[in-house]
Each structure stands twice: as C-alpha cells, then as structure tokens.
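Q: Got a minute to go through this one with me? Let me pull it up.
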Amino acid sequence: MKALVYGGPGEKSWKDVPDPRLAGPRDAIVRVDAVTICGTDLHILGGDVPEVRPGRILGHEAVGTVMSVGAGVGNLAEGDRVLASCISACGVCRFCREGRYGQCLGGGGWILGHTVDGVQAEYARIPFADLSTYRLPASVPDEAAVLLADILPTSYEVGVLNGGVTPGDTVVVVGAGPIGLAAIQTAKLFSPSRIVVVDKAQSRLEAAKLFGADLTLRPEDEPLEAVRAVTDGLGADVVIEAVGTPATFELCATLVRPGGRLANVGVHGSPATLHLEQLWIRDVTITTGLVDTRTTPKLLDMLVAGQFDTAQMVTHRFALGEIEQAYDVFSRPAETGALKVVLSRG
Ligand SMILES: NC(=O)c1ccc[n+]([C@@H]2O[C@H](COP(=O)([O-])OP(=O)(O)OC[C@H]3O[C@@H](n4cnc5c(N)ncnc54)[C@H](O)[C@@H]3O)[C@@H](O)[C@H]2O)c1
Ligand SMILES: [Zn+2]
Ligand SMILES: [Zn+2]
C-alpha cells in the first residue's frame, strides 16, 4: 500500500510500504476512506515531537471501513464504518479506568502517527480497536465525522471544559486554526457574552468571524488593551491557547483576568516563560492537557443533532495520493485560506 512516511524534520514522502497486519487480538485493520492533517503533524515535521521516529506513518484522524478484526474485538465486524480516534485506550489501566484515556498506561493514548504507524495511508492497523473506534451512523458524512477524531474533542475537552467556560464569560481564543475555530463553536454551547480571537493570519481571522467570533485581533493590535477595553479593564474570564509557541502562551497569561482560567491546548516544542512574579497574586488557574476523547460519543450525538456547522471547516479536498500537495496547502493557511483539508479514497 501507499502511506505518508515521516523522514525526520522537514521530510515526508508518499510511498510504498508493507500492508498493515493484525498484530494482536484487539487490533483491527481499517481501510482509510477519509483522513485529515493536524497542526500537530506540522509540529512533528517541525521537529517539535522528537518521539516520532523517521519511518513512521503519520496521521491520527480518519474515517474508515473495517477490513478485519482480531479475535478479541467483539463489537466490530468487517464492513463497519468507523471513526478512528486520535486517542487509543486499553480500557483497563488506572488512567483508562478514570476516563483519562490520553494518559493510558497500557499501550494506548496518543499512539497513532506518533509511536505506532498512523492513518495517512491506504490501510491502517488500529490497536485496541474495540475501545478506540466509534461506529458511525450513516447520516454523518465522512467529512463531518473526521472532525470528531481530534479537533472537536480537543477543543471541547482541553479548551472549553478545562477552561470552565460559563454563561456570560468573555472568552479569548489565541490561534484560529481548526482547533481554535472548533473552540469557538464548542465554547458557544455555554453562551459566553463574547468571544475574542487572536491570530496572525488575516484569512484565519475571517474564518473566526464566520464561526462566530465577536472581535478579531492580530498580535500587533495590542490584544491586552483590546481585551481590557471590552471587559471594563478586568481581562478575559477564560483564555484558550491554541497555537503552541512561547509568545502566544505568554500573551495568554497577560489576557486572563484575576480569578480566570488559562487553558493551554497548543503542543509546545520549546519552553515558555511562566511569569509567576505577575501571576501569583491574580488567582489564575492554568490547565494543560492531552485530549482524552471521553466526550466523543456526546459530540457525535451533537453532530447528528446538527449542533455544529461543520461544512465551513473543510476548505480543501484531495485524493489520498495528493497528500503532499495537501500538506503544502495546509501549511500555508495565510495564502491558501486552508482550514481542514480532507483526503479521500479515490
Ligand atoms: N492538546 C492536545 O491534545 C492537542 C490536540 C490536537 C492539536 N493540538 C495543538 O493545538 C494547536 C492548534 O492546532 P491547529 O490544528 O489548529 O493548528 P494550526 O497550525 O492549523 O493553527 C495554528 C494557528 O496559530 C496561528 N499563529 C501562529 N503563530 C501565531 C502568533 N504568534 N500569534 C497568533 N497566532 C499565531 C496560525 O496563524 C494558525 O492559524 C497546535 O499546537 C496543535 O499541535 C493539541
Ligand atoms: Zn491532532
Ligand atoms: Zn489504558
């Protein structure tokens, strides 16, 4: 089969690799029908995630069709259409028993396209397939379903729920990539008074407006003054960091009001300064997190009920074999206007 293989920082290629095979009783082999690219894949290619070794097939967000299952997978059968989630779960370790699947100690967690081969391929092996896939109702198209593999649960759990958004809040989202845009949509479930979005790319700020941002700012627009101006000088109740750079994390820490919450979502590859000399007196809570995908079933219900407008999230469509071109488009959003790019089996 063909797959997108990481070759070290800055290197990737779509090439022939051996077909995946069942390696354990809880594995499934899935034919990839739709797959997408994540900002995290760009971090990997930037060298920010050194555990990803050259030779690894990338990708952790897909919809596919089950081709075969191991003897221990009782809940899936050949032909089932499933979401392959970015998080795998052994289900029995201490953290899985707490619903903290991202921290799985039994060989799960974020493994696809990280520590085992991922789903940017014609076929993929899904470990712990019984607990790491979700059967999809026919009413949910591939393009909408693939957003449930990572960006909706991540923005919801690590951004909105960790940030504790409540009605009437002023929410600032720094970074209007797919994660930041999904954070706008999922924050709106809690009726915030206003959502302020900061991004350096004009195309992304325009997308943020489409997704419901009330105020959009570039980093050079003095976000601190702008946020204070709309909050009677207080600052934001909740700030969600959805970029993953020292500068954006440090900006977030200035925007949060006393007693507020800063929810970090971004994947960081280098240290950021925590200005405790300013924060200690402000009663600020800072959260970090890897998505657990514990909310995926509920988000799927909401998708079926039409609570998210997913149509505007997918801006570019490619055939699977055009994945290098898709990476190029996705990595230059300022010029291409790309949000989520979806690759489909021809
Ligand atoms: N914690 C988790 O479980 C988890 C899961 C998935 C993704 N992530 C991370 O979330 C982050 C966002 O993901 P994405 O797919 O939306 O990525 P993305 O690369 O598509 O979006 C990042 C956005 O940040 C903007 N940006 C970059 N530098 C900026 C700056 N200095 N000031 C303002 N804006 C700036 C870019 O213009 C872009 O719109 C990434 O770091 C990704 O790795 C975390
Ligand atoms: Zn991701
Ligand atoms: Zn586990």
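Q: What share of the contacts with a separation of 6 or more comes from residues 24 or more positions apart?
A: In the protein, 70% of them. Two residues are in contact here if their C-beta atoms, placed from the backbone, lie within 7 Å.

Q: Anything I should know about the model itself?
A: The model is predicted, so local features need pLDDT of at least 70 and side-chain atom pairs count only at pLDDT 80 or more, while totals for chains, interfaces and linings use all residues. Residues are numbered from 1 along each chain as its sequence is written, and chains are lettered from A and ligands numbered from 1 in the order in which they are written.

Q: OK. How many helices and strands are there?
A: The protein has 13 helices and 15 strands. Those are DSSP runs numbered from the N terminus: helices are H or I with at least four residues, strands are E with at least two.

Q: Does the assignment split it up, and which domains does it give?
A: Domain 1 covers 2–150 + 293–344, and domain 2 covers 152–287. Such bounds come from an automatic or database domain assignment.

Q: How far apart are the centres of domain 1 and domain 2?
A: Taken over C-alpha atoms, 26 Å. Their contact takes 21 residues from domain 1 and 19 residues from domain 2.

Q: Which elements give two or more residues on the domain 1 side?
A: H1, helix H11 (296–304) and helix H13 (333–336). H1 gives the most to that side, with three residues.

Q: Switching to the ligand. What surrounds ligand 1?
A: There are 34 residues around ligand 1, and the closest are Gly-39, Gly-177, Ile-179, Gly-244 and Val-267. A residue counts as near if its C-beta atom, placed from the backbone, lies within 6 Å of the molecule.

Q: And which helices give two or more residues to that shell?
A: Helix H1 (39–45), helix H5 (151–163), helix H6 (178–187) and helix H9 (246–255). H1 gives the most to the shell, with four residues.

Q: Where does ligand 1 lie relative to the domains?
A: Ligand 1 lies between domain 1 and domain 2, because both give residues to its shell.

Q: Last thing, how much of the protein is buried?
A: Buried residues make up 50% of the 346 residues. Buried means 20 or more other C-beta atoms within 10 Å of the residue's own, exposed means 12 or fewer, and partly exposed is in between, with C-beta atoms placed from the backbone.
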